[in-house]
Each structure stands twice: as C-alpha cells, then as structure tokens.
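Student: Could you take me through one part of this structure up close? I'd like to see how the pieces there fit together, and then a few other spots if there's time.

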Amino acid sequence: MDCVRVKASSQITIEDDVNIPDSKPDVESILLTCGNIIVEDTKALTNQVSVRGKLDFSMLYVSEEEDRSPAGMTGTIPMNELINLDQVSAGDNLVTDVKIEDLTIIMINSRKISVRCLAMITVRADCMTDIRIPIAVEGGESTECHMVNHDYRETVVMKKDLIRVKDLITLPKNDPNIGCILWQEANVTWIDYRCQNDAIRIQGELDEFLLYRSDDEDHSLHFYENTYSFNQTLECSGVREGMIPVIDHRGAGTQVTMEKDEDGENRCVAIDIPMELDIRVYEENGYPVLEDIYAVDRRIDTVTAEKEYRCVRSRNVVKQRMAERIQLAEENPAILQLLRCRGEITIDNTAVTPEGIEVHGNIAICILYLGGEEEGGYHVRKQDLPVDYIIDLPNLPNDSCYTVEPSVEQISAIPADSRQVDVKLILSFRTTVYRKEKVCLIESLNVDEKTDVADDLPGMALYVVKPGDTLWKIGKRYYVSIESLKENNQLTDDVIQPGMKLLVVR
C-alpha cells in the first residue's frame, strides 16, 4: 500500500516590481489579472526540501492612448523556497502542490506595476509499504485454523506521469485575421479518469477564450470563446478495468501560439497544456486471514501485533447549481456587450458533520464587458459569492481523512438589462475519503511440544452452550477438533444456539 511518510505546508509570498515593456502602451487602469505557479524542480535536502519554479502572470489593462483601447502583457517572477520537512532524505518520492491564495497586481505608475502573490506550498514524501498477512500454517496436521475474511484495497500503481492537452483553434470564416493576442485563457474545467486494461482513459473539457486585435487597418478588437472536449488514453501497465484510480493533476504552464492556416494567414491558435499527474490505482481484494490457531495434542500460543493501514473509502464527484443576479456598482458604466464571465472557487474551511462534509468558501466572479455608447471602453465588474454546501456522505467518523477538490465546471452570464447580469454556475466537488483501519495479525507461533496439556480435562463432558460461544471456542477450550464436535452431535453446520447441550469427547 502507499502511504504518506512525512508532509509539511508553508505559506509563501512571491513579489516583485515589474516594468511595462517598451513595446507596450502606458497603463491607465487594470482590467483582468491571472497567474499560475509552475514547479520546475523539487529536491530533498537534510530535513528540508528545495522547491524551485516560477510565477507566470498576465494582465489586461486599459491603455492611456486616445481611444483607451485595451492592451495585454505577461511576465515571470522566479520562485526558490526551502520547506522544512523532518526525516526527508534524498531519493524520497516527493509530491509538491502549490495553490495561489491571492494574486494582486497594482499600478505604481503608468510604466511600472507591483505583483504580489500569496501561495500555499504543500510537500509530502510518499512511499510504499507492505503488511504481511498470515494465510496458512505449514506442518499443522493436528491443528484447527480460524480464518476470517478481510477486505483490503491494494495499491497497484503509484507513479508520476505527464499528459498534454492540445487543441488547434481555427477562427470562424466571418472573423478577421489575428494581428496580436491581448488576452487568453485556457482552463481545464473538469477531468475524469477510468481504468482500462493496461491503460487509463482521461476525459475532460477545456474552456477557451481569446481577445485579440485584428491585422486590418483599423486593428479592431474581437474575441473568441469555445469549449473543447478532450479524450486521451495513458498507458499504465498492470491496471485493469474495475480498478479505482485516484489521480491529482497540476498544470505545468499553458502555451498559446499563433499559427497560419492553409492559406498562410494568421487564423489559427495552438493551445498546449502540459499536466503533471500524481497517479494512484487501487484494487479491492479479500483475503482469508489466519486469525487464531490451536492444536488438539499440544499448546500453541500466538504472538500478535496491531497493524494499521489506510484505504480509500469513497471517491465521488458531486455537483451544485447556483444562480445569482449581479448588479453593477454605481461607478460601473452600463453594459453594451458582455464579453466574458469567469469564476474562481476557493475553499476556506471544511468540517465533518453527521450529514457529510460541510464546505464553506467563495467564488470570485469577474465580468468583462463593453460599456455603453456614452461611457465606451472595456470595463470589469467583480463580485464574491459565498459557497455553503454539504457533500452527502453521512455517518463519517469525526477523524476521517479526506480531500475536496472544487472547480467551476460551467459558468454562463446573460444581461438581464443594461445594469444587471444573471450568472449561472455548476460547481463540482471531487471528494476522496480515506479510512484508517487497525487489524491484529499473527506474527509468529510459540509451540509447546508437551503432549500432556489436556490430561487434567475429562475425556468426556456435557457442555451447555452460552451466549457468544462458537464451536471454535469450545474446541479450543477442550483441545478437540471442530469436526469431532459436529460428528458427535450430528451437526451439519457450525451454527449453535445458547442452551444447546453438546457432547465433548476427547
């Protein structure tokens, strides 16, 4: 089975002042921002882990040019952090996860911005471990073995891998050619995994949005929006249909490049998203385990030890629909055309309740639109919506281990009028619940070779069955075989009832 040997989290700040490139116009106000932290290398040191990477950020802003047209820029800030992690050593299988908690980009002046990112880094060292399960006794001709079925979920695969989600966008015929891309978004909104024979099938959806300036004389602004469904197969030796995949994915940087079509014109955009996968695949198995043993001619004492193991209790995806009417603020101009609505969900806290896992969080809604004729220009309305939801998993122990991965699977926005927008969302919560089990297993046997262990017991006895008695307990007490008890009492099975009288013959 796989287990987490050590784990640590640390909140970090990545910040820097960045100059606007000379090729870009001056900044009047900022419209949209986004960022992504890419981990390039994770190295184990003595009781520490070195995490090296970068913050890629993008900004769409209103320029100080006469027409106040929008412009875009991108930038990169390096990241190099040391995370304290006791007992870590070189060669450990390290898994690093970085989540942006807050990204703030503000103007210092028209040619310089301040970028500040607050992120949470979690590093863990995973390992494989075994539990030795006793299933039989060699040379035990005169012994009685008590077998009990135990269900386990064995780890079949534990590895890292990489897939690439790719799409080639071709603009509709009526849209002009691309001069330059001002803003792009390409986000995997949902993803699903299924085990096949020696492979894992991966399905999902990619939400795409482009805001670009045409290459004609007036350099007009246009946008493109689309949802792309992808389907891939990842080779994975040893996996079979029916096994349980538990896979975490992390984007490793989105590449968006212009390409020419068959006529040599800039009408195509290639999207390439590398995704790092942390793969665990489990199989449900039931084993008949040797729980106890006795002999009819000698004394056997068992040496036991308590073992703990972790297995996946449940893995499911639940969805919640939300609808909200968003009112423009007084300083916001009226809506002429709605261009883009996006939502980012964050979870503040979770708790186990009798009804399931209670989730509290927030959705940051951002609406990009073109203002009315009098105000003109591009504008943004931002609003936070609270998220309160109970994932239906009743009767979970209070100390349950679980993970909840939220995502905005779908979002749509329609203007109700010039100052109100109706927003509809489908939220997805991918939940994995682990359980810790403890089992007492026989590790060895101490056999007393003396054959007079039952000399003080009568050769024949009449035994009255008490509550909780089994043929196993009675046979072990009197050093007789279970088959002998059944034969002498004309029993066809192992079922006995309190008050029954049994003849015990040694």
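Tutor: Here is a walk through one sheet and its cysteines, followed by some other places along the chain. Keep in mind that this is a predicted model.

Let's start with the sheet. It is an open sheet of three strands, in the order 1-6-5, and the pairing is antiparallel. At the edges sit strand 1 (2-19) and strand 5 (93-109), each of which pairs on one side only. From one strand to the next, the twist averages 10°. In general, strands of a sheet pair through backbone hydrogen bonds, either parallel or antiparallel. Here, strand 5 and strand 6 (residues 112-128) run antiparallel and are joined by 15 bridges. To pick out one of those pairings, find I106: its bridge partner in strand 6 is S114.

Now for the cysteines. A disulfide is a covalent bond between the sulfur atoms of two cysteines. How many disulfides does the count come to? Zero. Take C117: its sulfur is 11 Å from the closest cysteine sulfur, the one in C34, and that is too far for a bond. C117 is also buried, with a relative accessible area of 0%. C127 is in no disulfide either, though the nearest cysteine sulfur, that of C3, is 3.3 Å away. The cut-off for a disulfide is 2.5 Å between the sulfurs, so C127 and C3 don't make one at 3.3 Å. With 21% relative accessibility, C127 counts as partly exposed.

Next, have a look at helix 1 (residues 471-478). Its buried residues are L471, W472, I474, G475 and Y478. Why are they said to be on the same side of helix 1? Because they cover an arc of only 165° around the axis. Among the elements covering these buried residues are strand 7 (143-170), strand 13 (266-295) and helix 2 (482-488). Strand 20 (460-464) and strand 21 (501-505) are part of that cover too. Right after helix 1 comes Y479, with a positive phi near 55°.

That positive phi is worth a pause. Most residues other than glycine have a negative phi, and most peptide bonds are trans. Two more residues go the other way. Q87 has a positive phi near 70°, and its place is in the loop between strand 4 (70-84) and strand 5. At 55% relative accessibility, Q87 counts as exposed. H219 has a positive phi near 50° and is found in the loop between strand 9 (199-214) and strand 10 (221-235). H219 is partly exposed, with a relative accessible area of 40%.

Another loop, between strand 17 (378-392) and strand 18 (401-417), holds S400. Is S400 buried or exposed? Buried, because its relative accessibility is 15% and the cut-off for buried is under 20%. A polar atom of the S400 side chain lies 2.7 Å from the backbone oxygen of P397.

Last stop: I300, in strand 14 (residues 299-327). I300 is buried, with a relative accessible area of 11%. Leaving out residues up to four places away in sequence, I300 touches T143, I293, Y294, A295, L445, N446 and V447. Compare that with M258: it is 42 residues from I300 along the chain, and their C-alpha atoms are separated by 77 Å.

Technical notes: Residues are numbered from 1 along each chain as its sequence is written. This is a predicted model: local features need pLDDT of at least 70, side-chain atom pairs count only at pLDDT 80 or more; totals for chains, interfaces and linings use all residues. Side-chain values use heavy atoms; hydrogens and water are left out. Two strands pair if DSSP finds at least two bridges between them. Helices (H or I, at least four residues) and strands (E, at least two) are DSSP runs, numbered from the N terminus. Axes are lines fitted to C-alpha atoms, for helices over the stretch in contact, and angles run from 0 to 180 degrees between N-to-C directions. Buried means under 20% relative accessible area, exposed over 50%, partly exposed in between (1.4 Å probe, protein chains only). A polar contact is a pair of N or O atoms within 3.5 Å; within protein, one must be able to donate a hydrogen and the other to accept it, and residues adjacent in sequence count only if both atoms are side-chain atoms. The arc is that of the directions from the helix axis to the C-beta atoms. Contact means heavy atoms within 4.5 Å.
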